[in-house]
Amino acid sequence: MENKLTIYNTLSRKKEVFEPLNPPFVGLYVCGPTVYGDAHLGHARPAITFDLLFRYLQHLGYKVRYVRNITDVGHLVNDADDGEDKIARKAKLEQLEPMEIVQLYTNRYHKNMEQLNTIPPSIEPHASGHIIEQQELIKRILQNGFAYESEGNIYFDVERYNQKYHYGKLSGRKIDELFANTRQLDGQQEKRNPLDFALWKKASPEHIMRWPSPWGDGFPGWHLECSCMSQKYLGDVFDIHGGGLDLQFPHHECEIAQSTAAYGHDAVRYWMHNNMVTINGQKMGKSLGNFITLDQLFSGQNDVLEQAYSPMTVRFFILQAHYRSPLDFSNEALKAAQKGYERLMAAVKQLDKLHATTENTVDIDTLKNNCYEALNDDLNTPILISHLFEGVRLINSISAGNEKINAENLEKLKTLFHDCVFDILGLQGEEDSSASNQALGKVIDAMMNVRKAARANKDWATSDRIRDELKNAGIQIKDTKEGYEWSLEN
Ligand code: ZN
């Protein structure tokens, strides 16, 4: 079977066969969080999308260096070149050291990412740990004539750059329209042009996050860290750069401009962007009152939520949509995802109990081809999942005796499900892993032992009572050849 992964390259605006620069090595850079608050639903989507890519590339045999940064300086409140630093503002509010804020929210982010079963990146560099490298990059851009100093700030000269290269090639925005649509903002008089963006900002006396530089005390502009750290760890040219669609402009456009201005060429071969999450059709935002953190989602403690949703339900929900499609959160959609996830995991358990026969009536090769075709088609997880559900129907019919499977095909089916469900989609069983469910299992075992003893004594009243009490508690018992199985009613 041919494993040719095609991915949609935002830069060329078409699907391209993925050919790494130096196979089997693949360099993958993804823009990480700005750590000044709890991770929310919007953080889960890029994390899971690029975890899927990371997992699948490794499954195909590539050796992937996955770099995801932590933004801990330079990301200003209004996402432009003025206003307070997001970290510094939070530090003032909480009366903490900025690096305490960074550590606190980095730890919480890591906890949420682990709950979502995302594999940690190979390198997780912090912007604040790369100030010298960022200054060196600024010097290069200055030397090449694509930046200028103004009152202790260094700005990127967009107009000058656009005379030689193409500013807007990633987002498809036209520079003339951008010029026409921007107006001179207050406090930006030091810029030659409103489109120019900061590479280095002068720190005002009250600004707490500051470093010495040839241009005076200050801090790096937000876009600079990604150009700098991606190339430091992945090389002048590397394979894939990912991030949310909201970062395509200006953040990634500026990254391309910075790297090109410094080195004369692009750094990135394939740009990938995941689409955004909306909530009941609306953009998520603190001001809109529909802001859901991952902790709230997992505990159910937010007025928007009708119940708690487990990390695997959230992961399955995100994977059920193609990463380039918009994804709308609603309680209905999440509940449907929960049912789907449970049905899939129940089938995986059932699969382990299937017995091979000499007779065979099923075709696993076609199913497998369909699954990989979906994955290779720009990570088309909704199609992959629909094929897996064909597999679920197959498992159920084999289990019911309506279809027969031989040993070779049973092994293929088990491998296919194991690879797709666990290794690639990154789902895991939740029931088995949680301590409370393990304790519940022991209690049910104890009650079932009493029931067994009662039945041995022909004490049918006690036996029936135990079954009824369990049923009232929402626990379904199914007698099987090996003994019994239990499940929680929904
Ligand atoms: Zn970035």
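## Close-up views of a predicted protein chain

**View 1. Surroundings of Y148 in strand β5****.** Leaving aside the neighbours within four places in sequence, Y148 is in contact, meaning that heavy atoms lie within 4.5 Å, with L142, N153, I154, Y155, F156, D157, E190, K191, R192, N193 and D196. The model is a predicted one, in which local features need pLDDT of at least 70 and side-chain atom pairs count only at pLDDT 80 or more, while totals for chains, interfaces and linings use all residues. Residues are numbered from 1 along each chain as its sequence is written, and side-chain values use heavy atoms, with hydrogens and water left out. Strand β5, which holds Y148, covers residues 147-150; strands (E, at least two residues) and helices (H or I, at least four) are DSSP runs numbered from the N terminus. Y148 counts as buried because its relative accessibility is 5%, where buried means under 20% relative accessible area, exposed means over 50%, and partly exposed lies in between (1.4 Å probe, protein chains only). K191, one of the contacts of Y148, is 43 residues away from Y148 in sequence, and their C-alpha atoms are 9.1 Å apart in space.

**View 2. The zinc ion and its protein donors****.** The protein donors of the zinc ion are the SG atoms of C31 and C226 together with the NE2 atom of H251, and they lie 2.1 Å from the ion. Donors here are N, O and S atoms within 2.8 Å of the metal (3.2 Å for Na, K and Ca), and water is not among the atoms, so sites may look incomplete. Along the chain, the donors follow the spacing C-x194-C-x24-H. The pair C226 and H251 links distant parts of the chain, with C226 in helix α7 (residues 224-234) and H251 in helix α8 (residues 248-263), 25 residues apart. Both C226 and H251 are buried.

**View 3. Two cis peptide bonds that lead into prolines****.** Most peptide bonds are trans. The bond from P23 to P24, however, is cis, with omega near 10 degrees, and P24 lies in the loop between β2 (14-17) and β3 (25-30). The bond from F249 to P250 is also cis, with omega near 0 degrees, and the place of P250 is in helix α8, the helix that also holds the zinc donor H251.

**View 4. Positive phi at Q95 and N117****.** Most residues other than glycine have a negative phi. Q95, which is not a glycine, nevertheless has a positive phi of about 55 degrees, and Q95 sits in the loop between α2 (86-94) and α3 (98-115). N117, again not a glycine, has a positive phi of about 60 degrees and lies in the loop between α3 and α4 (131-143). Q95 is exposed, because its relative accessible area is 73%, whereas N117 counts as buried because its relative accessibility is 18%.

**View 5. R210 in the loop between β7 and β8****.** The two strands that flank this loop are β7 (197-202) and β8 (218-220). R210 counts as partly exposed because its relative accessibility is 32%. Apart from the neighbours within four places in sequence, R210 is in contact with A203, S204, P205, D217 and G218. F25 is 185 residues away from R210 along the chain, and the C-alpha atoms of R210 and F25 are separated by 37 Å.

**View 6. Domain 1 beside domain 2****.** The domain assignment of the protein chain, whose bounds come from an automatic or database domain assignment, gives domain 1 (6-274), domain 2 (279-424) and domain 3 (434-488). The centres of domain 1 and domain 2, taken over C-alpha atoms, are separated by 33 Å. Between these two domains, 29 residues of domain 1 are in contact with 34 residues of domain 2.

**View 7. G441 in helix α15****.** Helix α15 covers residues 435-456. G441 counts as buried because its relative accessibility is 11%. The C-alpha atoms of G441 and W486 are separated by 8.3 Å, although the two residues are 45 residues apart along the chain.

**Context for the close-ups.** The protein chain has 16 helices and 15 strands, and its C-alpha atoms fill a box of roughly 95 × 55 × 35 Å, taken along the principal axes. Of the 490 residues in the protein chain, 50% are buried.
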